[in-house]
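Dear colleague,

Here is the structure I said I would pass on. My notes on it follow below.

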Amino acid sequence: MRAQFILSEIGIGLRRNLSMTISVVLVTFVCLTFLGAAALLQAQIDKMKDDWYDKVEVSVFLCPANSAAPTCAAGEVTQEQRDDILAALEAPQVDAFVQEIYPESKEQAFEAFQRQFGDQFWASAATADDMNASLRIKLSDPEQYQVVADVVSGRPGVESVEDQRRLFDNLFLVLDRATWAAGGLAAIMLLAAVLLITTTIRLSALSRKRETGIMRLVGASTLFIQLPFMLEGVIAATLGAALAIGGLWLGVEYLVTDWLGQSVTWIPYVSTSDVLAVAPLLVLVALVLAAISSLVTLSRYTKV
């Protein structure tokens, strides 16, 4: 009987404040969508870092025939200078961080240049003599770039040293800021959701002030009186969470997996399994929203 009474009270409350309940569902849906998007974006960044940082190399560009670099004052790199550079990279304090060294000649560099830029009109003027011979160094730990760079930088025959990881740093910085922006919007929307759920519960409590007064007079406990109002907030917030999870799942499935995954295949993307991993967090946040709103409101509006 008690369960039936509570369910009937929940139905009455949801019907009386239908527009407010729908508003709660929509606001919760929007804020949790932003929160879930921020979590998925961070997961995307982590996947890209794990994949790309493992593939990046340190490029040691050797002196060409004509270079203004102080280390190239003697002209094009000589075989003796090459041997000295390789010996420095094979030293015990550096060798532990070097996984493999791939020499690249001018001709090989020119072939790679043609593959990448051969369809550009300005590329037709380039020749193999315009390219730099180089050493491509695969690191066992990409974080140890500076150790290798310090050993070879400034040596005769070395024009410059570049870490490919730096090419991605600006991209990851933009994505990190996008994550913070989405998280900030989610926080604002969470506050709006708390206020809206609080208002909905307050209106529901005020509209049934007479009923709660009678229940108090006949000896009903505080929990029994407050439970229907709490469950109304929980139901509305949970529906919003379910919509957010469904929206994120559809977005990842059709926009990321089916569209981006088919168009740009060299990037590791988040998948629907990542959405399912985030789903419990979104449901938990929805329940916390409802609980906070209930605690703020019911202690004042059901004491009659």
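**The disulfide and its surroundings**

Both Cys-63 and Cys-72 are buried, where buried means under 20% relative accessible area, exposed over 50%, and partly exposed in between (1.4 Å probe, protein chains only). These two residues are joined by a disulfide with an S to S distance of 1.9 Å; the term stands for a pair of cysteine sulfur atoms within 2.5 Å. The structure holds one disulfide. The angle about the S-S bond is -80°, and the link of Cys-63 and Cys-72 is left-handed. Cys-31 is also a buried residue, because its relative accessibility is 0%.

Before the rest, a word on the basis. This is a predicted model, in which local features need pLDDT of at least 70 and side-chain atom pairs count only at pLDDT 80 or more, while totals for chains, interfaces and linings use all residues. Residues are numbered from 1 along each chain as its sequence is written, and side-chain values use heavy atoms, with hydrogens and water left out.

**Overall make-up**

The protein has ten helices and four strands. Helices (H or I, at least four residues) and strands (E, at least two) are DSSP runs, numbered from the N terminus. Along the sequence their order is α-α-β-α-α-β-α-β-α-β-α-α-α-α.

Of the 304 residues in the protein, 40% are buried. The exposed area is about 16,800 Å², and carbon and sulfur atoms supply 63% of that area. Accessible areas come from the Shrake-Rupley method with a 1.4 Å probe; for residues, only the protein chains shown count as cover.

Among contacts in the protein with a separation of 6 or more, 83% are between residues 24 or more positions apart. A contact means heavy atoms within 4.5 Å.

**The loop between E1 and H3**

Two alanines in this loop are worth listing. Ala-69 lies in the loop between E1 and H3, and it counts as buried because its relative accessibility is 17%. Its C-alpha atom is 8.7 Å from that of Val-158, a residue 89 positions away along the chain.

Ala-74 is in the loop between strand E1 (57-62) and helix H3 (79-89). Ala-74 counts as exposed because its relative accessibility is 73%. The C-alpha atoms of Ala-74 and Pro-156 are 8.2 Å apart, with the two positions 82 residues apart along the chain.

**Leu-139 in strand E3**

Leu-139 belongs to strand E3 (residues 134-139). With a relative accessibility of 6%, Leu-139 is buried. Leaving out residues up to four places away in sequence, Leu-139 touches Val-58, Phe-97, Gln-99, Gln-144, Tyr-145 and Val-148. For Phe-97, which is 42 residues away along the chain, the C-alpha separation from Leu-139 is 5.7 Å.

**The second largest pocket**

The second largest pocket has about 200 Å³ of space. Its lining draws two or more residues from each of helix H2 (18-53) and helix H9 (222-263). H9 gives the most, with six residues.

For the terms: on a 1 Å grid over the protein atoms alone, a pocket is an open set of points where a 1.4 Å probe fits, with protein on both sides within 12 Å along at least five of seven lines, and lining residues have an atom within 4 Å of a point. Grid points are joined across faces, edges and corners, and a volume is the space filled by probe spheres set on the points.

The lining consists of Ala-37, Leu-40, Leu-41, Gln-44, Leu-248, Gly-251, Val-252, Leu-255, Val-256, Leu-260, Tyr-269 and Val-270. By class, ten of these are nonpolar, two are polar and none is charged. Here Ala, Val, Leu, Ile, Met, Phe, Trp, Tyr, Cys and Pro count as nonpolar, Asp, Glu, Lys and Arg as charged, and the others, Gly among them, as polar.

**Met-48 and Thr-272**

Met-48 is a residue of helix H2. Met-48 is buried, with a relative accessible area of 6%. Its C-alpha atom lies 6.9 Å from that of Ile-267, although the two are 219 residues apart along the chain.

Thr-272 is in helix H10 (residues 272-301). At a relative accessible area of 19%, Thr-272 is buried. Apart from neighbours within four places in sequence, Thr-272 is in contact with Trp-249, Val-252 and Glu-253. One of these, Val-252, is also in the lining of the second largest pocket.

Regards
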